[in-house]
Structures are given as C-alpha cells and as structure tokens.
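Trainee: Please take me slowly through one part of this model, beginning with its most enclosed helix if there is a clear case to describe, and then follow the chain and its partners outward from there.

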Amino acid sequence: MQANYMPKDKFFNELHKVFELFEQLIQDNKIKHYGVAAYTSFYSPPESPQHLSLQKLVHVAEAVAGPQHHFRFIEAPVNIAMPEALLQPWQSIDPNPAMKDNNALVLLAAANRLKVNLMACQPLVQGKVIQLKLDQMGLEDIGARHLQLMRSIPARCLLSTLVGMKTMRHVMTNLEVAKLNPLGSALFAQTIKNITMCSRYLSHYILSVSYTHLRAHETGRNLVCRLLLEKKKKKK
C-alpha cells in the first residue's frame with residue numbers, strides 16, 4: 001500500500017483494515033509484531049503531501065487493538081546523506097507533561113517516546129556515501145565504517161541496520177563490523193558534527209526509489225544478501 005498514491009483519509013482507512021488483519025494473525029499465532037516501511041514519508045516536513053505521522057500510525061493501531069497493540073516497527077533510510085531522523089523535528093506527538101521537551105521531535109525521539117522500533121535501511125545509499133571519508137574506527141573498508149557509524153546512533157529505538165550486498169567480498173568485509181562494539185556517544189556525536197555539513201552535497205545525487213527496486217536490485221548473480229547488524233547490548 002503506497003501512501004503517496006491515495007488521499008490520506010483513504011490511506012488511513014485502508015491501514016486500519018490492514019492492522020486489523022495483522023492483529024488477527026497475531027491472535028492466530030502466525031506473527032508476533034508488524035510495522036510500516038517508508039522511504040521518504042517519515043522524513044518529509046509536515047506541510048508535504050508525503051509526510052506520514054508516526055503518532056497517527058500508533059493511533060490507528062490503538063483504535064484496532066488498544067494500548068496493547070503489536071505495531072512495533074518502522075523501516076526507513078538512515079545514512080549520513082539523509083540525516084533527517086537525527087536532525088529534523090518533523091514528527092509531532094502528544095505532549096508529555098512529565099517531560100520538558102516539546103511535541104515536535106526528530107524521528108528517533110518520537111519513536112523512543114512512542115515505543116516503536118526503527119530498522120534503519122540504506123546506510124550506504126547503494127554505495128554513494130563512500131565518497132565521504134571517515135576515520136578508521138578499526139575498519140579498513142570505507143563502506144564498513146559507514147555501517148559502524150550508523151549502527152552506533154545512540155537511540156533505544158534503533159535496533160538494527162539493514163544493508164544489501166551482491167558479492168561475497170562485500171559480505172565478508174561488512175561482517176567485520178559485527179565484531180566491534182558500537183561507537184560511544186561522544187565519539188559518535190563528534191564524528192557526525194565533523195561530516196554532516198560536508199555530506200549535504202550528496203543529496204543532489206540521491207533519488208527516491210521504490211522498496212521493490214531496492215530489495216530486488218538488478219544483478220546477474222544469484223547471490224543477493226541482506227545483512228542484519230544488531231546492536232550489542234551492554235552488559236549491566
């Protein structure tokens with residue numbers, strides 16, 4: 001279901017039916033949780049027709065199954081050339097009197113507040129971000145360094161980073177990231193500060209494409225791999 005190709009009222013009515021189906025599948029022990037994937041909708045400003053409110057998605061789930069609903073995941077691009085999840089307060093949620101921040105939050109903060117997990121995708125933007133050089137971080141490959149940076153985002157809601165590969169060499173190189181702990185918060189913040197301004201020129205070369213395209217990238221090889229880099233939980 002594509003939010004950009006139908007009126008918002010119709011979209012949310014259809015989404016209500018889809019969430020009803022998913023909640024029934026959960027009752028039938030077929031699935032445990034469900035979510036929504038979007039390429040640009042979570043990152044578009046509120047005045048944009050493409051904008052999708054995470055709060056409203058949660059409200060739909062609550063209307064279907066109450067506060068114990070199983071809408072627990074969203075998937076969206078997170079990379080150094082598309083840093084909106086960290087920088088742009090375009091998600092409005094109901095204010096919490098117990099907290100001092102306002103109701104206009106960046107996507108990561110909104111997801112934290114709403115207890116929705118983010119699965120980050122497109123960390124390399126099909127290889128385009130490797131034009132931006134990063135410090136070594138214990139890794140020789142520049143693409144692997146970008147993966148390490150993205151999986152180090154200090155947010156509870158960010159559980160994993162998804163990356164697609166077509167060659168065994170890239171699989172083995174990127175697996176090196178899984179051997180390391182994420183960067184500390186201070187080092188991550190300093191790295192982002194150093195490169196965010198330099199990364200903006202890349203946005204001119206990044207085009208929105210469909211998820212069907214992204215997940216079925218054209219290749220003459222049978223080898224298509226998606227690597228899940230989970231955050232290592234700190235030992236208490």
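Mentor: In this predicted model, the residues I142, G143, A144, R145, H146, L147, Q148, L149, M150 and R151 of helix α5 are buried. Because ten of the ten residues of α5, which spans residues 142-151, are buried, the helix is largely enclosed by the rest of the structure. The N-terminal end of α5 is capped by D141, a side-chain oxygen of which lies 3.0 Å from the backbone nitrogen of G143.

Stepping back along the chain, we come to V125, which is placed in the loop between β5 (117-121) and α5. V125 has a positive phi of about 50° although it is not a glycine, and with a relative accessible area of 3% V125 is buried, since the limit for that word is under 20%. It is useful to set N29 beside V125 here, as N29 is also a residue other than glycine with a positive phi, in this case near 60°. N29 is found in the loop between α1 (8-27) and β1, and at a relative accessible area of 70% N29 is exposed, whereas V125 is buried.

From that loop we can turn to the strand before it, β5, and ask what it pairs with. Strand β5 runs parallel to β2, and five bridges join the two, with P77 standing opposite C121 of β5. Five of the seven residues of β2 are buried, so this strand, like α5, is largely enclosed by the rest of the structure. Strand β2 (residues 71-77) also pairs with β1 in the parallel sense, over four bridges. Within that pairing, A37 stands opposite E75 in β2, and the bridge partner of G35 in β2 is F73. To get from β1 to β2, the chain passes through helix α2 (residues 54-65), and the resulting β-α-β crossover is right-handed.

Strand β1 (residues 34-37) has two faces, a covered one with Y34 and V36 and an uncovered one with G35 and A37. Y34, on the covered face, is buried at a relative accessible area of 5%, and it brings us to the aromatic side chains. The structure holds five aromatic pairs. One of these pairs is formed by F11 and F12, which are edge-to-face, with 5.2 Å from centre to centre and 75° between the planes. Both F11 and F12 are buried. In another pair, F22 and Y34, the ring centres are 5.2 Å apart and the planes stand at 40°, so this pair is tilted. F22 lies in helix α1 and Y34 in strand β1, so the pair ties together parts that are twelve residues apart in sequence. While Y34 is buried, F22 counts as partly exposed, at 23% relative accessibility. The two rings also belong to a wider group, as F19, F22, Y34 and F71 form one aromatic cluster. Returning to F12, we find that K56 lies over the face of its ring, at 4.5 Å from the ring centre.

One further place shows the chain meeting itself across a stretch of sequence. N112, which lies in helix α4 (residues 107-114), has its C-alpha atom 5.3 Å from that of C157, although these residues are 45 apart along the chain. Leaving aside residues up to four places away in sequence, N112 touches A155, R156 and C157.

Finally, these details can be placed against the whole. The protein has eight helices and seven strands, and buried residues make up 42% of its 236 residues. Among contacts between residues at least 6 apart in sequence, 73% join residues at least 24 apart, and the meeting of N112 with C157, at 45 residues apart along the chain, can be read with that figure in mind.

Conventions:
Residues are numbered from 1 along each chain as its sequence is written. This is a predicted model: local features need pLDDT of at least 70, side-chain atom pairs count only at pLDDT 80 or more; totals for chains, interfaces and linings use all residues. Side-chain values use heavy atoms; hydrogens and water are left out. Buried means under 20% relative accessible area, exposed over 50%, partly exposed in between (1.4 Å probe, protein chains only). Two strands pair if DSSP finds at least two bridges between them. A crossover is right-handed if, with the strands pointing away from the viewer, the path from the first strand over the helix to the second runs clockwise. A polar contact is a pair of N or O atoms within 3.5 Å; within protein, one must be able to donate a hydrogen and the other to accept it, and residues adjacent in sequence count only if both atoms are side-chain atoms. Rings of Phe, Tyr and Trp (its six-membered ring) pair if their centres lie within 6.5 Å; planes under 30 degrees apart count as stacked, over 60 as edge-to-face and the rest as tilted. A charge sits over a ring if NZ of Lys or CZ of Arg is within 6 Å of the ring centre and within 35 degrees of the ring normal. Contact means heavy atoms within 4.5 Å.
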